[in-house]
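Hello,

I am handing over the structure we talked about. Please have a look at it first; my notes follow below.

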Amino acid sequence: VAGVGRHALGLRDGQTLDDIVSKHIAARGGREKLAAIQTVKMTRTVASGIGTTLRVVIFKKRPNLLRVEQGPAQPGAAVTPRGISGNAVWDTVQGKAVPREAQLAAESRDVDGDFDGLLVDWREKGHAVALGGREALPGGDTYKLTVTLKSGLARTIYLDAKTYLDRRHTGVLNLPNGRRFDITIDFDNWRDVEGVKFPFDITEERTGKEPVVTLVTYTDKIEINVPMDDSLFSP
């Protein structure tokens, strides 16, 4: 915000980027409670705008291990996994694990593999963050922060000006086979799980050369510190 008046950006006197990020971390539950979480298992139902419903189970383990199992919502249906292990970012294609190329892998580690949230310890992660002031969104004012991730990918984060919780993320999503989307992700229905707040409702809109995709996610259950062996995340 150098060279721009703080009042012009809608900021209070003395309000800094670090102040806003600190309040965001406190709103999530605080550093101590965040650090106490070593694993998370999320069970979700995802509905698309074309009438399909998926069951998605997400396993996460510090520092950046991830496994996502996705399949039809019917009980017992087969699932397709993808994940992030210690040395690979991988998808399943025709029943085989296929590693992502280096740049896509780096972006996925920064975004999908992030455990606490992009703003938590952003300097240590190698990211850059710029504060853009306040911006009005449906539902009230937000603080606008532009995050340039270590991989070079950019995300704009809008924090609710009252709660300091995430309201919206925007940016670009790059996927294998040259697929690229502009994305808008809205977060809602924040609930407390063992002292840490998580968004239980997430709406994502993907636009680009391909038809618009809208995904509405409802979180059925979040489980904290479930035992997970590192082999769970291997391709």
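**Helix α3 and its surroundings**

The buried residues of α3 are Leu104, Ala105, Glu107, Ser108 and Asp110, where buried means under 20% relative accessible area, exposed over 50% and partly exposed in between (1.4 Å probe, protein chains only). Helices (H or I, at least four residues) and strands (E, at least two) are DSSP runs, numbered from the N terminus.

Before going further: this is a predicted model, in which local features need pLDDT of at least 70 and side-chain atom pairs count only at pLDDT 80 or more, while totals for chains, interfaces and linings use all residues. Residues are numbered from 1 along each chain as its sequence is written, and side-chain values use heavy atoms, with hydrogens and water left out.

Back to α3. The cover over its buried residues includes β4 (80-84), β5 (89-93) and β10 (166-175). At the N-terminal end, α3 is capped by Glu101, which has a side-chain oxygen 3.0 Å from the backbone nitrogen of Gln103.

Ala105 sits in this helix, which spans residues 102-111, and has a relative accessible area of 12%. Not counting residues up to four places away in sequence, Ala105 touches Val89 and Arg100 (contact means heavy atoms within 4.5 Å). Its C-alpha atom is 9.8 Å from that of Pro176, although the two are 71 residues apart along the chain.

**Val129 in β7**

Val129 belongs to strand β7 (residues 128-137) and is also buried, with a relative accessible area of 12%. Beyond its neighbours within four places in sequence, Val129 is in contact with Leu17, Leu119, Trp122, Leu145, Thr146 and Val147. From Val129 to Arg67, 62 residues apart along the chain, the C-alpha separation is 28 Å.

**The second largest pocket**

You may want to look at this one too. The second largest pocket has a volume of about 300 Å³. A pocket here is an open set of points on a 1 Å grid over the protein atoms alone, where a 1.4 Å probe fits, with protein on both sides within 12 Å along at least five of seven lines; lining residues have an atom within 4 Å of a point. The volume is the space filled by probe spheres set on the points, which are joined across faces, edges and corners.

Its lining has 17 residues, with Pro63, Asn64, Asp114, Phe115 and Lys125 nearest the centre. The elements giving two or more residues to this lining are α2 (31-35) and α3, and the largest share, three residues, comes from α2.

Best wishes

Terms used. A polar contact is a pair of N or O atoms within 3.5 Å; within protein, one must be able to donate a hydrogen and the other to accept it, and residues adjacent in sequence count only if both atoms are side-chain atoms.
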